[in-house]
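Ready for a few exercises? Take a look at what's shown below, then work through the tasks one at a time.

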2 protein chains.
Amino acid sequence: MPRLSVFIDVILAQKLEGGLLNIYKQDDYPHKVFLAYRVCMTNEGHPWVSFVVHKTRLHIAQDPSLNYEYLPTKGMKSFIQASLELLFGKHSQAIVENRVGGVHTVGDSGAFQLGAQFLKTWHRDAQAACIISSQKEPHGFIFQDMGFKVYEYCIWDTKKLCLDPNMLLDVVENIPHGSILVIGDIFNCKLTQSQWTKLMSTIKSKQLFPFFDIPCQGLYTGDLEEDTIFLQYFVAQGFEFFCSQSLSKNFGIYDEGVGILVVAALDNQHLLCVLSQLMNCAQALWLNPPATGARIITSILCNPVLLGEWKQNLKRLVENIMLIKEKVKEKLRLLRTPGSWNHITEQMGTHAYLGLSHQQVEYLIRKKHIYIPRTSRINFTCINTHNVDYITQSINEAVLFTSGAERGFPKADKP
Amino acid sequence: MPRLSVFIDVILAQKLEGGLLNIYKQDDYPHKVFLAYRVCMTNEGHPWVSFVVHKTRLHIAQDPSLNYEYLPTKGMKSFIQASLELLFGKHSQAIVENRVGGVHTVGDSGAFQLGAQFLKTWHRDAQAACIISSQKEPHGFIFQDMGFKVYEYCIWDTKKLCLDPNMLLDVVENIPHGSILVIGDIFNCKLTQSQWTKLMSTIKSKQLFPFFDIPCQGLYTGDLEEDTIFLQYFVAQGFEFFCSQSLSKNFGIYDEGVGILVVAALDNQHLLCVLSQLMNCAQALWLNPPATGARIITSILCNPVLLGEWKQNLKRLVENIMLIKEKVKEKLRLLRTPGSWNHITEQMGTHAYLGLSHQQVEYLIRKKHIYIPRTSRINFTCINTHNVDYITQSINEAVLFTSGAERGFPKADKP
C-alpha cells in the first residue's frame, strides 16, 4: 500500500500577488508595457536607486570596523531615531517628550503584521479594521487573518476624477465604533482645514484607532516635511496612533525590508509598555530584523552632506515624475482625446489614476498589450521617453473605441 | 479631566532575551567574561565573519548591474536551490525527484514562525509540539503563541556528562501521538545504528511530524556533509518533514536574517501545495524577505573558488574550536581540578557543556564575573588566549570551593 502524505489535505493556494505581472511576462508582443510596478523606474526601465545609496553601500562594504552581530529585536537604535526625526521633524515636541518610538520591522508588511498582532491582544474593543486609501490596500489580509472584520474603502471618485474628501468623511462616519482606522495613501485627498477638524473630531468621538501608512515620504512633493504634514495635525492634537513607515521607495532599497512600526502614545510610560509588548511579538516573528538597508539609510540620514544629496535626488525624481505626467497630458491634448486630463497632473506621487473605465483598461490590455490595473491607477515612472508615444496613442484609441460611460467623462475644461 | 490612554491596560513585557548579557554589561570588573554569545567569536573577541564574505560583500557593492527590486515572497530562487544542495547534497535523490523545496525566511525564527503557522492550519492532528535538543530551545514560545501545547526536553545527562541517546528515545516514546517533533541541536548525541532505526520507527508509528533545526551546518566537524548526515537517513526513508536551515553562523552573516524553511514531501505535487500555502503565510509576515545576506551566500555557494575558500575558513574555525577545548581540558588537568573533563572535547561544535553544577555556575558568576548560563552550556569561541588562564583557574576554584553533588562527579579516568 502506498504511504499517505501528511500533506494530503493541503490545497494549492491561490496566488495573491503578481497576477497581471505574470500575464505580462508571458506576452511575446515586442512593445508590451507594464505600468504597475511597485517601485520607481528610471527612464531606462530599471528600478530607481538613489545615487547616494550606491555610494554608501560601497563605503559600508569597505569598512573593516563594522560589527555584523545580530541586531537586537527592537532593531538598530540609530535607525529608529533617525526615522522618527524624518517622520515628525527633528525638533518635534513628541520626540522631545519621549512619547513616540518605534520598532524596526521587516518592511511595511512586517510593520502591519506586528501592529495587528498587538492590537488583537491589547485593543480588544476593536473588532474591525477599516482601511481607507486611494486604492484597496494589500494589508487587509493581515488584519483578516488575525480575526478582524475588514472593510476596505477606495475614495477615488470615478465621476469627479479626484480623491474625494467627502467620501473619506462619509466612510469614517459610518464605520463601526472603536475600529482600527488604517489611513493609507491619501496624500492626494485635499481636505480643507474644516474637513480636517471634522475628521479628527469624528475619530475622537468614535474612539477609532488611527494606523497610518507612510509608504514613500518625499515622493509626493519632493519635500519631506510637506509630505507628512497631516501627521503633524494628529501629533499636535495628542492622538495615540500607530504608523507604518517604509523607507524602501524613497531610498531605492527595495530588497532589504526597511520598515518601522511607529508608536505615538500619551506619555513615555505608556510608550515603553507598548514597545515592550511589540518586541515580544517581534521576537517570535523574526527575532532580529535585517541590518543592511537600515545601516545604509542611517548613514545617509546622519550625515549632512549625504542627506543633502539624497534630498536633491528626491527632488529631481519628483520633478521627473511631474514632467512625465505633463507630457502624457500634453500628448493626449494634441491627439484631441475626449475628456479632461487635468486629473493626471493634479495627483502627486509616483502612482496616480489615469481615470479610465474598466472597458478602456480591458482594451489597453487586450488590444495594446499595455498592462494596467483594473482601477487604472498606474505607476507613472514606468512611462518613459521610449514608450510615451505608444502609450498615449493607445489611450486615445481606447477612449475613442470604447464607451466612457463607466468613467462618466466630465466635460473638458476648455472645449 | 485628563485623557485616558488607549494603552492604559498594556503592561510592561518581561524581557525574554539578554538577561545575563545585561548583567554582564553592567558589571565594572575589568576581567569580566561573557561566555554565552550566540555567534562565533574570534581570538580578539569580535564576531567571526568568513573572509570570503567580506570579499563578496565588497564585490557585490561594486557591481553596477545588480537589481535591487523586491524579492518575490518565496525569496531568492538561486539562494534556495544552493541551500537545498548544501543541506541534502548536490546529487540528492530528493532534489532530483523535486520533492524537497524551500521558502527563504527572515532567519531561523522566521522559519519556525512560518512552519508553525502552516502546521496550525494544515496539520490539525498535532496538538503538541515537543522540542528535543541539547538545550531548551528558544523556539518554544513560537509554538506556544500559536496554541500548541509545548514540551521542551534537554537530553544532557548531568551525571554521565553526555547527550544520552536513551533519554532521546525515552522522550520520543512518551510524547503524545501525532505531535510535532522539533529535533534541535542533537549532533553530539551519538546514536548507534539500531538506536536510529528505533527512533525512526517510533516517529513513524506514532505519526510524529519531524521539524529539524539546522543552525550551523559545518561547525561541528568542519565537514558540511558529515554534519547533516542524520538528515539523509530521514530523506532516504521517505519521511515528510520541515527543516529550519540557518546560514548565519557558518558564514558569519548574523545581521541579515538568512534562513530557509525546507519542506520534504512525498512527491512534487504535495510539495507545491505546501509551498503555495507557506507563501500565503509569508506574504502576511514580511511579503519580501531581505536580499543582501542571501545574495552574498549564493555568490559564494555558486562559485567553486569562493566555495573552496569558505570550506577552508570553516575547517580552520572548527580546528580552532577544538584547540581551545583541548587547551581548557589540559589546563584543568595541570591544575589538578577534580573530575574528568573529557566531555569537553567529546562534544563537537561551538557550544558545549562545561558540566558544572548550578552552584559552581553561581560561583563563577558571583565571585569571578564569568557569565555562563545556568546549564553551563557555553560558547567555546568566547574563550581565547587572553582569558583562558583566568577562566580555567576560576573553574578550578569553583569546583574546589563548592559541592559537586548536583553534578554528580564521575571518578576521573586516571586518578
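**Exercise 1.** Work out how many residues of strand β8 in chain A are buried, and on which faces they lie.

*Solution.* Keep in mind that this is a predicted model. Start with the strand itself: β8(A) spans residues 209–214, and 6 of its 6 residues are buried. Next, recall that side chains in a regular strand alternate between the two faces of the sheet. Now sort the residues: Phe209(A), Phe211(A) and Asp213(A) sit on one side, with Pro210(A), Phe212(A) and Ile214(A) on the other. Both faces of β8(A) are covered.

**Exercise 2.** Find the strands that pair with β8(A), and say whether they run parallel or antiparallel to β8(A).

*Solution.* Take β7(A), residues 180–183: 4 bridges join it to β8(A), and the two run parallel. Here Leu181(A) is opposite Pro210(A). To get from β7(A) to β8(A), the chain passes through helix α8(A), residues 193–205, in a right-handed β-α-β crossover. Then there's β9(A), residues 241–246, also parallel to β8(A) and joined to it by 4 bridges. In that pairing, Phe211(A) has Phe242(A) as its bridge partner.

**Exercise 3.** Decide how many disulfides the structure has, then check Cys130(A).

*Solution.* Searching the whole structure turns up 0 disulfides. For Cys130(A), the nearest cysteine sulfur belongs to Cys154(A), 15 Å away. A disulfide needs the sulfurs within 2.5 Å, so that pair doesn't qualify. Cys130(A) also counts as buried, because its relative accessibility is 0%.

**Exercise 4.** Work out how chain B is related to chain A.

*Solution.* Rotate chain B by 180° with 0.0 Å of shift along the axis, and it superposes on chain A with an RMSD of 0.0 Å. The copies are therefore related as by a two-fold rotation axis.

Definitions and conventions:
Residues are numbered from 1 along each chain as its sequence is written. Chains are lettered from A and ligands numbered from 1 in the order in which they are written. This is a predicted model: local features need pLDDT of at least 70, side-chain atom pairs count only at pLDDT 80 or more; totals for chains, interfaces and linings use all residues. Side-chain values use heavy atoms; hydrogens and water are left out. Copies are superposed by least squares on the C-alpha atoms of residues with pLDDT of at least 70 in both. Buried means under 20% relative accessible area, exposed over 50%, partly exposed in between (1.4 Å probe, protein chains only). Two strands pair if DSSP finds at least two bridges between them. A crossover is right-handed if, with the strands pointing away from the viewer, the path from the first strand over the helix to the second runs clockwise.
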